[in-house]
Amino acid sequence: MPEALILSAARTPIGRARKGSLTAIDAYQLAEVAVSAAIGRAGIPVETVDDLVMAESLQGGGVIGRNVAVRLGMSGLPGVAVNRHCASGATAVQFAAATILSGMGDAIVAGGTESASTMPRLTKVLPGAAEPVRWAPESHPDAPGVPPFDMSVTIGENTARLCAITREQADAWSARSHQRAANAIAKGYFEDEIVAVPLSSAGDVFAVDEHPRADATAEVLATLKLLHPELSGAVVTAGNSAGVNDAAAALVLGSSNFARANGLTPLARILGWATVGVDVAETGLAPVAAIPKALRRAHLTLGQIDLFEINEAFATMAVACTERLGLDESIVNVNGSGVSLGHPIAATGARMVVSMVHELARRDARFGVVAMCAGGGMGSATVIERI
């Protein structure tokens, strides 16, 4: 069986939605930047690529992969869009790996793109509302305790309640996430993975993640208002929640035969993955089920993994998953995650793979796992081995 190798990996910097540097750049443009960079870094002719698998979550449909291929003048490259909410970017990478492992493709570009700044919004009449409200598409049917339009309850507060996570724990985790991300930026850890986004014909570019706050502390975060003070024991605030963001990420995956034939040196290999479904109220704990399942498929144990990233949709779920799995916090989210770096939904999973590949190389480490929960009661995990 051929191996699924990562031949290149690139991402844009992550912008703050609706008030940051990428507000005028749509998801298609962001994907163009990341895809073009990934193919360029792989150093392969575009005609050797079999497909472009691009994740999207909030963009309203359409085959975004094919759209981006045409925009880049790659008319011979087909494309497909995948959507698994927060796990969409990871799913794109997994789909590409599966195609290669099955022998049905030699080289595939996979990634995700999201522009919360320019996303279309549905008009929905909510019970008791005086007028229609603009909302993104539903992640799951509405039900008591699991509102589809408020993940701060469905994921953040429910996870805190189920696992007895306190406000102090959530704020401490969030402060550390910001500090780790700010440290990574200051020390240039992300520079090799980031490709700058052109902002104007005058040569202005956006090149550094703008969501992390170097001045974030648990004391500062403790002053922020609760999002749901009406709930008993509420803990979730804007400060211990993931950001709303814009970004794109892309990777070139290839078979071992393709890499040898083209004289390429792979960065890593995909060893295994798993996606699970759980009760919607337990969405935040989905990585607890997905990670062991992915590791079993990769024939590895938790103790063999050098680095984990569990996307911080909310700090409560990152704390809870780390505790439930018995992980050492010093190897979880070492350069920050959703709370600090931000969560450009469909791009996040691919961004995590890009960052993990680079951080494994920086540390001369071998095994990494990226995992996240996903709206509607899902979770996904991917196991990576640096070569």
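Helices and strands here are DSSP runs, numbered from the N terminus. With that naming, G376 sits in the loop that joins β13 to β14. The model is a predicted one. G376 has a relative accessible area of 22%, so it counts as partly exposed, given that buried means under 20%. Leaving out residues up to four places away in sequence, the contacts of G376 are S139, H140, V280 and T283. P212 is a different story: 164 residues separate it from G376 along the chain, and the two C-alpha atoms are 27 Å apart.

The strands on either side of that loop also turn up in the packing of the interior. As a rule of thumb, nonpolar side chains in soluble globular proteins tend to be buried together. In this model, the largest nonpolar core has 39 residues, and I291, M317 and V369 are the members that touch the most others. At least two residues each come from the helices α4 (151-163), α5 (167-186), α8 (286-298) and α9 (315-325), and likewise from the strands β11 (268-277), β12 (307-310), β13 (367-374) and β14 (378-386). The largest share belongs to α9, which puts in seven residues. Another core, of 37 residues, lies apart from this one, and V53, A97, A110 and L307 are among its members.

I291 gives a feel for how the larger set is wired together. Setting aside neighbours within four places in sequence, I291 is in contact with L302, F308, I310, L325, V369, A371 and A381. V369, one of these partners, is itself listed with I291 among the residues that touch the most other core members.

Over in strand β1 (residues 4-11), S8 is worth a look as a polar residue. S8 counts as buried because its relative accessibility is 2%. Its side chain does find a partner, reaching the backbone oxygen of A38 at 2.6 Å. Beyond four places in sequence, S8 touches A38, R41, A42, A250, L251, V252 and L267. S200 offers another serine to set beside it, this one in the loop between β8 (197-198) and β9 (205-206). With a relative accessible area of 31%, S200 is partly exposed. The side chain of S200 makes a polar contact with the side chain of D204, at 2.9 Å.

Next comes the empty space. Rolling a probe the size of a water molecule over the atoms shows where such space is left. Two cavities of 30 Å³ or more are counted. The largest cavity holds about 110 Å³. Of the 13 residues lining the largest cavity, E309, V334, N335, S355 and E359 come closest to its centre. Two elements, β12 and α10 (345-363), give two or more residues to this lining, and α10 gives the most, with four. By class, the lining of the largest cavity breaks down into six nonpolar, four polar and three charged residues.

The second largest cavity has a volume of about 30 Å³. Its lining is made up of W173, R176, S177, R180, E312, V332 and N333. Sorted by class, that lining has two nonpolar, two polar and three charged residues.

One of the lining residues, N333, also has a backbone quirk. N333 is not a glycine, yet its phi is positive, at about 55°. N333 is found in the loop between α9 and α10, and it is buried, with a relative accessible area of 3%. A164 also has a positive phi, near 55°, in a residue other than glycine. A164 is placed in the loop between α4 and α5. At 59% relative accessibility, A164 counts as exposed, since the cut-off for that class is over 50%.

As for open space, the second largest pocket contains about 480 Å³. Its lining consists of 19 residues, and H178, H211, R213, A238 and G239 lie nearest the centre of the pocket. By class, nine of the lining residues are nonpolar, five are polar and five are charged.

Key. Residues numbered from 1 in each chain as written. Predicted model: local features only at pLDDT ≥ 70, side-chain atom pairs only at ≥ 80, totals over all residues. Heavy atoms only, no water. 1 Å grid on protein atoms, 1.4 Å probe; cavity = no way out; pocket = protein on both sides within 12 Å on 5 of 7 lines; lining within 4 Å. Points joined across faces, edges and corners; volume = space filled by probe spheres on them. Nonpolar A, V, L, I, M, F, W, Y, C, P; charged D, E, K, R; others polar. Buried < 20%, exposed > 50% of the residue type's maximum accessible area, 1.4 Å probe, protein only. Polar contact = N/O pair within 3.5 Å; in protein donor to acceptor, adjacent residues only side chain to side chain. Contact = heavy atoms within 4.5 Å. Core = buried A, V, L, I, M, F, W, Y, C linked by side-chain atoms within 4.5 Å.
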